[in-house]
Amino acid sequence: MKLYCLSGHPTLPCNVLKFKSTTIMLDCGLDMTSTLNFLPLPLVQSPRLSNLPGWSLKDGNAFLDKELKECSGHVFVDSVPEFCLPETELIDLSTVDVILISNYHCMMALPYITEHTGFSGTVYATEPTVQIGRLLMEELVNFIERVPKAQSASLWKNKDIQRLLPSPLKDAVEVSTWRRCYTMQEVNSALSKIQLVGYSQKIELFGAVQVTPLSSGYALGSSNWIIQSHYEKVSYVSGSSLLTTHPQPMDQASLKNSDVLILTGLTQIPTANPDGMVGEFCSNLALTVRNGGNVLVPCYPSGVIYDLLECLYQYIDSAGLSNIPFYFISPVANSSLEFSQIFAEWLCHNKQTKVYLPEPPFPHAELIQTNKLKHYPSLHGDFSSDFRQPCVVFTGHPSLRFGDVVHFMELWGKSSLNTVIFTEPDFSYLEALAPYQPLAMKCIYCPIDTRLNFIQVSKLLKEVQPLHVVCPEQYIQPPPAQSHRMDLMIDCQPPAMSYRRAEVLALPFKRRYEKIEIMPEVSPAETAVCFQLADALVPMEIKPGISLATVSAVLHTKDNKHILQPPPRPAQPTGGKKRKRATEDIPDCKVLKPLLSGSIPVEQFVQTLEKHGFSDIKVEDTAKGHIVLLQEAETLIQIEEDSTHIICDNDEMLRVRLRDLVLKFLQKF
Amino acid sequence: MPAGPSGTSHRRPCEGDGPVPPVWRRPVSAPLSLSSVPKCGARGSQRGLPGTLRVSRGRRPCARPRRARDLASPGTDRQTRSRPRQSPCPPQPPESARPDCMTEGLPAPSAGLAGISGLTMDPECSQLLPALCAVLADPRQPVADDTCLEKLLDWFKTVTEAGSSLLLLQENPCLVELLCHMLKPQDLSSRVLSFSLRLTGVLAAQEDCFQYLQQGELLPKLFGEAGPLGGAAWTSPAVRSGWIQGLRSLAQHPSALHFLAHCGAVDTIFSLQEDSSLFVASAAGQLLVHILGLSMQGPAGAPPSLQAGDWPACAQKIVGHIEESLRATATPQITQALNVLTTTFGHCHDPWTQVLWVQLSPLVAGLLEKDPIPAAHSLVDLLLSVARSPGLSSSSCGLWETLAQTLSHLSPTQAGPLALGILKLQDCPQALRAQAFAVLLQPLACVLKAMAQDPGPSGVPDGTVGDSMTAGTPLPSKAACVGLLCRSLAHLELLLPLPQRPCPWPQALLLGAAVTLLQLCGGSARPACDMGRHLCTLLLGCVRVQRAALDFLGALSDGTGPRELVTQVFAVLLEYLRSPDSSPTVLKKAFQATFRWLLSSPKTPGCWDLDPHALLFLRDLLPVLQKRLCSPCWEVRDSSLEFLTQMTRHWGGQAGFRHALLASEVPKLTEQLLRDPESYVRASAVTAMGQLSSQGLCVPPAGPEHQGGQQKSLLVELLHILSTDSEGFPRRAVMQVFTQWLRDSHADVAGDTEQFVAGVLQVASQDLDWEVRAQGLELALVFLEQTLGQPRSHCPHAVTPPVEAPVGPLAQALQPLCRVRLFDFAFRALFDCDRPVAQKSCDLLLFLRAKTASSSGLQESQSSPNVASVEAALQRWQAGDQAQPLGDLEPEVVLAVLRSLDLEGLRGALAESSDHVEKSPQSLLQDMLATVGVLGENEADCY
């Protein structure tokens, strides 16, 4: 069993598992941190951005000044943002049989895989994952396509040139594989390959393995996966959460007794407690708005935003902010808010029960109803006329490189009254802000990551007790900035195996057993034969606890299923012909010769030989056993652990005699 | 600060609840005769159905301490009672209930002594007693409430303490009959049996009564094998407890000792030490101590022998038992022995205790040889008890050596309390003190060592970093580590204010340890070694340690420390105040510690302002405070406001602080919190705003709703809260602020004080919360003092214009009081159904009367029609009809009414607890009988 690791990002995994003749891709996350190297895409022409000076080499060579721009000491690529794809060279992705998706954040690379690699398999995901994943992709495509950029920079990617660039461009990995965003057509095509599944649904893959999604508690429809055969079980834990937020709680019990547990998608901010961060978020929001400032929250259109809106719903009245407008701007804002209300079966128990009252599960419905929360597809249109300040704006993209957020950054960045509050943990807020420097507005970093932290992982592993744990290399040592925090790493026994991008791991996994069925489906006429086959199994105990039985049958293997069938019946003697001897008729009968087991005690064997008239016996010890030398008869009996040879020249009688003496010491069945 | 959530309820009790004493000092006109004044109590009693039995539900055992709330809010405690009309003859027990052999074997009571009985028990009770005894002896009559039995027993104790028990028995033969009745095999309730045993003990405490009961063989029968001890009733813990307590009361004289020895009670007590009921086991231990002490007293006048071999047999038996227990292998037995010894040394300081200790100390020391040491906690208690005993000369009996040995043998967790106890001792060898202090410091030193970059923390006293917890050995589990650290911090904090605390005090070490601990818990510490990293993992995010360390750090602010350490202290406090992960309780403690450290920061001579470092810190602190004032967690907003109030109170007048505060958003945010949805926060905001306003640090309200409109003054805003807030806490806070403002002649108030006071009193008088009304009287008193020129006792630093003594005639001085309707408010409060309000009003009026008595020049108009109408109105008020106002009062009328009221009498009556009327023993007996009677009626109703 092998694991091909195609992504180096621990929370945006993309791994391929080869297991029992199946090739299963586990998630296909898209690393979008590469976009931080690019200049933002302003929705309306930004004089500041367009007038940034071009970058030139130390020696004054300015051949890159069209591609690279300098802003407050940082260098950015002036081009359409590109994304870092999963590794495509490590394994032929056309051989991937299925792709299992854990949550909507971990499927953003799907169009690249399904549309450009010859992939012809099936993708499995839950319905909310697909629907919200579609919204995220749609928003992404929309953000990028609506501000077409003629220029496409590629010169800087040349390895020789990249070496000359300042950090972080110099250190960016695999830049040659960075790709532009996919199109909506590709998205639709990719999504059409998805087959919807429900929690605990068992899906057979070619009869070899069974895959099952389990609730992971992280997001609407988010799942962990169990991949199991009859005797092996692999658990794949991706983004999971034990906190009580809106999704269904995590199913931990089903992860028990795994041979291998692949652990990815832990919290990116292990030192930040989500509750504390929500408190910070609310406090800073209130503080800004009370001072007459605006609050900008760069966010994804789904996920934590639901929880934030719920917190604000409870908080705004107490903070005296009831009359402050909240705006949610995204091409998919409306769909996201509405979808969240209809996935009742995927929600936590409290929210599920609301549906039967009937009430909308999320309180943002009431915020919308009372006009406290308004949503718009974009800045243009109704928003411009409704817009009043001070206000709170939720909009994307959290990288601050594209989307409506770019406009608000340009608009509000100059005033210290305003605040940008970062809640999404996927991007470094300092890097995100770099092209907006100098910036007067306040910046608050309140990353809210509800995924498992190391304490929870430690408890989880104690609970489910997998034989082996496999995880990204980032999880087996404390973060570089906090090397003393031994609590910020996975601590389990045996130590977890780690992987990194473009690495192939042989998982410590021995397949020892296969399930073989005895004619599971037989016609009534064959039932008797089948019973005969079963009846023939008479186990004999050869050691305490170990029984053996012999069986003579034909083994059929098809679709990874092994079936024993009765041996073919002897051909009926045709009339008129001379009846042949049975031995000639069924050659298989030779197989019925008894099987031998046991060992030969040399001393007793020698005594027996002596009893039977052999003299002048000499015994030699060898590395593998003994050699009994019958000097007179010029015969050698070589006794080894798993074989015994009688070597005598042309004296078949003697050989048979000796053989029979040897056989006396062995058990037969 | 307003009262916390534990404050009294806002429910206004029913008017007329409970009896109110007559208030008229003398009848001023015919209708005002004392008997004609309707009483609230009378009104209340009318609610009971005449002729039916109502039993007081408010009365509970005397043993139970009255709850603070009962005392604070008497109106809620007043229960109307009506009792069955008792016929002149008390009910006699039914013939069937009378035992045949009640007085069998006892000498006949002497009739000649009956005349003295009045000294011990009043005739009414004596009359009721036979019926009650009959009820108790009758198993068919259940005693509904065993608290009544407790009260009854208390009463008997009082009676026997005041007089002769023998006389009591002789005068009330029913008591003996009751006790005899207990010996009959019947299905008696264990409560009554237990009561009887205890009553017997109380009676037999006097030797003559003991002899009297002995003659009838009653005592051996009750306490010996023939009594409950050998019967089925013994399975009830209540009976066993009654048996022990009975003997405890009885064992007061040598005859009792003889009795105990004779009936084999001591052996039973030994076995009861292992009783399954903790109460019984504990009482058995106490009884053993008592018997030991009694037996060692010996015959009167003869000091006990100092040779253990010459001790009385009973004492020797007990000591032998203790010795045997100390040699036992089972920990419970050792614990019992140690507890008995601890009590003995704690209560008795006679010379023989030293002999006892000398005899037993080798056995106690022997416990230290065992591994693990059994009953370590009890051992520590014993050693400390011995060490504190003035009867023992510690140096001569090897106690110090034993203590030192124990300190070194016990685990750090067990040794902590012993070390603290040793350090609290007045005279103790220096070496032992050093050893004890090292034990307390050890966990902290260990933390410092684990975090030190270079080996060996500086400033750690020699021997502090012990070997058990540090070098090489892994730290204990998280729970053990946290427990040890918290205890260590708590012990050191207790030690901090004591005069006998170790000297030199390692202030720098302790500061460093507290800071390090906080850094470890907060995740900001950077340990250099594996042990430090392990410690970091154990303590990360541990709220218990955070709280303990912050408390300790706050306590350390009384001392000084190196500048760099103080900087670290402020840095770590700021880290905690900033951290989004600080829990509300941790944050509150961080605020408290911060305030204490700011208070202790060095001051520039001659200037009360904060020092430059503290001011720099303040600049970092205020943004944090701003954010905390906006927290979604109300506890955080509340603590932040409290902190702000404290800071403003101390530094509100100082330029540096004022400048920093006014430059921040804090005052504006505080003003907004006046409208917080949480009442506690509103209350804290009111207090904070009152303080800010007093210091001139208030910004005019400019909330969103005020934009563009006319800005309201804070006074108007607070008045609005006082009259409209649905919760009591903010209203109480407003009253406190207003009172303070009046005292300080706040600018908003000084402009038109009379209007202010009139407005506030009018609103306060209507308030449903008694604390608001009481605070209204406080404000009225301040106004009264100011008007009549009482020298101010409050707020010596307040800058206020001097109040001139009234120069004009008294009437002129009283005019402002009449104009603000102060008397209307005070008279109304006089009849308030809540006792503290009435008391306060009484005090105020008494104060006024005293003031006016010395003044001359004002003639009372006693017979004026105005006075009569006022008095009539007051009568109606007292009767509960407060609808009619008094109207405009003239000073003369007020004075006349004031003098006609029996205010002293009222104050005396109000000073009594609300149930004083029902506290008499007669009432108790009636209640108990009534309970049975009610039950009987119900039975009859069933048919």
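In which helix of chain B is B:T343 found? This tour of a predicted model begins with that residue and then moves to a helix pair, a pocket and a cavity.

**First stop: B:T343**

Select residues 331-347 of chain B, which form helix α15, and find B:T343 within that helix. B:T343 has a relative accessible area of 15% and is therefore classed as buried, the cut-off being under 20%. Next, add B:Q286 and B:V289 to the selection; B:T343 touches both of them, when residues up to four places away in sequence are not counted.

**Second stop: chain B as a whole**

Display chain B on its own in a cartoon representation. The chain contains 43 helices and zero strands. Of its 943 residues, 53% count as buried. Among the contacts in chain B with a separation of 6 or more, 75% join residues that are 24 or more positions apart.

**Third stop: a pair of helices in chain B**

Select residues 146-162 of chain B, helix α4, together with residues 190-204 of chain B, helix α7. The axes of these helices come within 10 Å and cross at roughly 10 degrees. Because angles under 35 degrees count as roughly parallel, α4(B) is roughly parallel to α7(B). To view the contact, show the side chains on each helix. On α4(B), the participating residues are B:D146, B:L149, B:E150, B:L152, B:L153, B:F156, B:K157 and B:T160. On α7(B), they are B:R191, B:V192, B:F195, B:R198, B:L199, B:V202 and B:L203. Coloured by residue class, this contact divides into nine nonpolar, one polar and five charged residues.

**Fourth stop: the second largest pocket**

Turn now to chain A and select A:G8, A:H9, A:P10, A:Q268 and A:Q474. Of the 38 residues that line the second largest pocket, these are the closest to its centre. The pocket has a volume of about 1,200 Å³. Its lining comprises 18 nonpolar, 14 polar and six charged residues.

**Last stop: the largest cavity**

Which residues lie nearest the centre of the largest cavity? Select A:H105, A:Y218, A:G303, A:V304 and A:E424 to see them. The cavity is lined by 18 residues and has a volume of about 160 Å³. Seven nonpolar, six polar and five charged residues make up that lining. The count of cavities of 30 Å³ or more comes to nine. Such empty space is revealed by rolling a probe the size of a water molecule over the atoms.

Conventions
Residues numbered from 1 in each chain as written. Chains lettered and ligands numbered in written order. Predicted model: local features only at pLDDT ≥ 70, side-chain atom pairs only at ≥ 80, totals over all residues. Heavy atoms only, no water. 1 Å grid on protein atoms, 1.4 Å probe; cavity = no way out; pocket = protein on both sides within 12 Å on 5 of 7 lines; lining within 4 Å. Points joined across faces, edges and corners; volume = space filled by probe spheres on them. Nonpolar A, V, L, I, M, F, W, Y, C, P; charged D, E, K, R; others polar. Axes fitted to C-alpha atoms, helices over the stretch in contact; angles between N-to-C directions. Helix = DSSP H or I, 4+ residues; strand = E, 2+ residues; numbered from the N terminus. Parallel < 35°, antiparallel > 145°, perpendicular 65-115°, else oblique. Contact = heavy atoms within 4.5 Å. Buried < 20%, exposed > 50% of the residue type's maximum accessible area, 1.4 Å probe, protein only.
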